[in-house]
Amino acid sequence: MKIEPLDPRGLSRLSALHSAGSARLLAGVRSAALAGETPRTAPRPVIDASWQRVMRIGIDPDQSTSSELLPAGELEHRRRATALGELLPSVSQWLIAVVQASQQIMVVTDEEGRVLWRDGDRGVMRKADGICLEAGAAWSEDTTGTNGIGTALELRRPVQVHSAEHFVRTLHDWTCAAAPVHDPRDGRLLGVIDVSGAESTFHPATLALVESVARLAEAELRERHLRSVERLRSVASPILCRVGGRALAVDSHGWPAAVTGMPPVDRLPLPKSFAAGRRWLPSLGMCAVEPLPGGWLVRVEEEAAPGPAGVSRVVLDLSSRRRSSVTVSGEAGSWTHELSPRHAELLYVLSLHREGRSAAELAADLFGDRTRTVTVRAEMSRLRRHLAQVLAHRPYRFADEVRVEVVPPPHPADLLPHSTAPAVTAARRVRDPE
């Protein structure tokens with residue numbers, strides 16, 4: 001999954017704030033913003049947007065950062081269940097020497113912002129206990145306000161939060177840099193790698209370091225995945241040689257290991273709950289599914305070829321700030337697919353324009369640049385592989401016979417908070433009808 005590059009203007013501005021006596025300056029900016037006044041120096045846009053979110057949630061700037069820790073059994077279960085556990089030795093090797101030398105700590109959380117592991121300078125870890133930055137603690141924006149971990153989870157991109165940029169006053173002596181880690185197999189957000197320490201340990205290059213480590217972690221996951229697909233291929237190829245008709249072997253994330261009787265495919269989108277038996281898949285139609293070691297054998301039932309008939313409803317669920325999904329339903333049943341941030345943006349724009357959009361119009365909607373049509377066409381091609389029955393092209397649009405429903409977030413400003421697409425940012429500015 002592509003992560004937006006760091007904004008050098010934001011880093012330069014943060015560095016300037018620090019060199020100008022950041023603690024006092026940032027505290028003044030925060031006080032004015034919380035009082036509804038216009039500060040002399042505006043907060044960075046990423047921080048201002050986060051402050052607005054947590055104020056809507058009702059976070060008290062004077063509250064404690066304490067949270068109820070996960071029970072030991074639940075913490076161990078989450079550690080075993082996440083792919084981040086496989087990466088921990090590598091992440092520690094890449095970061096631990098740096099964080100110890102700079103008197104900081106390394107923190108790894110899950111996708112909910114729960115701390116799974118931490119390591120680093122022992123003195124800093126003792127201080128971290130005082131703000132509940134410890135294993136099992138909650139560090140999402142919903143619980144702790146603006147902070148590196150929670151804000152990186154909200155935006156799905158690297159974030160550095162320094163001193164009084166933290167919403168909760170208790171954290172003003174801290175600085176933190178965090179970067180999300182995505183699973184390259186399905187784009188799912190796995191969690192965050194964070195480096196935290198005293199406000200005096202601030203360095204603008206820390207964020208670039210943490211982002212680099214996150215990308216290396218994703219690269220290691222990608223390499224592990226390729227090896228697992230090769231193992232599945234060695235098992236599936238002899239089986240597919242004996243299967244008639246169209247069939248393919250895919251891993252548990254839908255990535256193909258071998259195909260017969262049909263052109264090669266990219267990833268086969270699988271529903272959230274997938275099991276053996278007769279299963280309807282939007283891109284293939286009705287299929288017979290059998291388990292394989294490390295994946296599935298999927299045989300297409302020829303009499304049930306895919307087509308637009310039978311699909312009547314599409315629900316685009318954008319109610320969560322962290323994940324979006326689309327549910328397709330009709331005569332053959334229903335199917336839910338979790339969306340990447342880019343695909344969520346595209347489907348949202350198409351839901352606003354049922355008459356359709358050209359590639360140039362979508363490029364303007366997403367990037368503010370009508371010339372980026374190659375990127376739009378590539379993304380729409382990927383999206384139509386998942387939703388071939390409900391998406392048409394020339395122009396790109398939802399099929400006329402399909403009823404489309406959008407489930408928005410409770411507040412317009414929380415619509416796809418990770419997005420910088422002009423069409424989405426414009427929609428966030430719509431006043432709440434209440």
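How far is the sulfur of Cys176 from the closest cysteine sulfur? Hi everyone, let's take that one together. The closest cysteine sulfur is in Cys132, and it sits 15 Å from the sulfur of Cys176, which is too far for a bond. Please keep in mind that this is a predicted model.

Let me stay with the cysteines for a moment. The structure holds zero disulfides. Cys241 is in no disulfide either, since the nearest cysteine sulfur, that of Cys287, is 20 Å away. What about their surroundings? Cys176 has 7% relative accessibility, so this residue counts as buried. Cys241, at 71% relative accessibility, counts as exposed.

Now, some context from the records. The UniProt annotation "domain: GAF", from an unreviewed entry, covers residues 117-221. Over that stretch the chain is 36% helix and 26% strand, with the end C-alpha atoms 18 Å apart.

Next, a histidine I'd like you to look at. You will find His172 in the loop between β3, residues 159-162, and β4, residues 174-182. Is His172 buried or exposed? It counts as buried, because its relative accessibility is 14% and the cut-off for buried is under 20%. A polar atom of the His172 side chain lies 3.1 Å from the backbone oxygen of His166. Setting aside residues up to four places away in sequence, His172 touches Arg30, Ser163, Ala164, His166, Phe167 and Glu199.

Let's move along to helix α11, residues 359-367. This helix is mostly covered, with seven of its nine residues buried. Those buried residues are Ala359, Ala360, Leu362, Ala363, Asp365, Leu366 and Phe367. And what covers them? The cover includes α10 (341-352), α12 (373-386) and α13 (422-428). After α11 comes Gly368, whose phi is positive, near 70°.

Finally, the nonpolar cores. The largest one has 51 residues, and those with the most contacts inside it are Leu284, Val298, Leu347, Met380, Leu387 and Leu391. Helix α10 gives the largest share of this core, six residues. At least three residues come from each of domain 2 (243-300) and domain 3 (311-430). If you click on Leu347, and leave aside neighbours within four places in sequence, you will see contacts with Leu316, Val326, Leu339, Leu383, Leu387, Leu391 and Phe398. Apart from that largest core lies another, of 32 residues, including Val54, Ile131, Val168 and Leu189.

That's my tour, thanks for listening!

Note on methods:
Residues numbered from 1 in each chain as written. Predicted model: local features only at pLDDT ≥ 70, side-chain atom pairs only at ≥ 80, totals over all residues. Heavy atoms only, no water. Helix = DSSP H or I, 4+ residues; strand = E, 2+ residues; numbered from the N terminus. Buried < 20%, exposed > 50% of the residue type's maximum accessible area, 1.4 Å probe, protein only. Polar contact = N/O pair within 3.5 Å; in protein donor to acceptor, adjacent residues only side chain to side chain. Contact = heavy atoms within 4.5 Å. Disulfide = S-S within 2.5 Å. UniProt positions renumbered as here; feature names shortened; annotations may be inferred. Core = buried A, V, L, I, M, F, W, Y, C linked by side-chain atoms within 4.5 Å. Domains from an automatic or database assignment.
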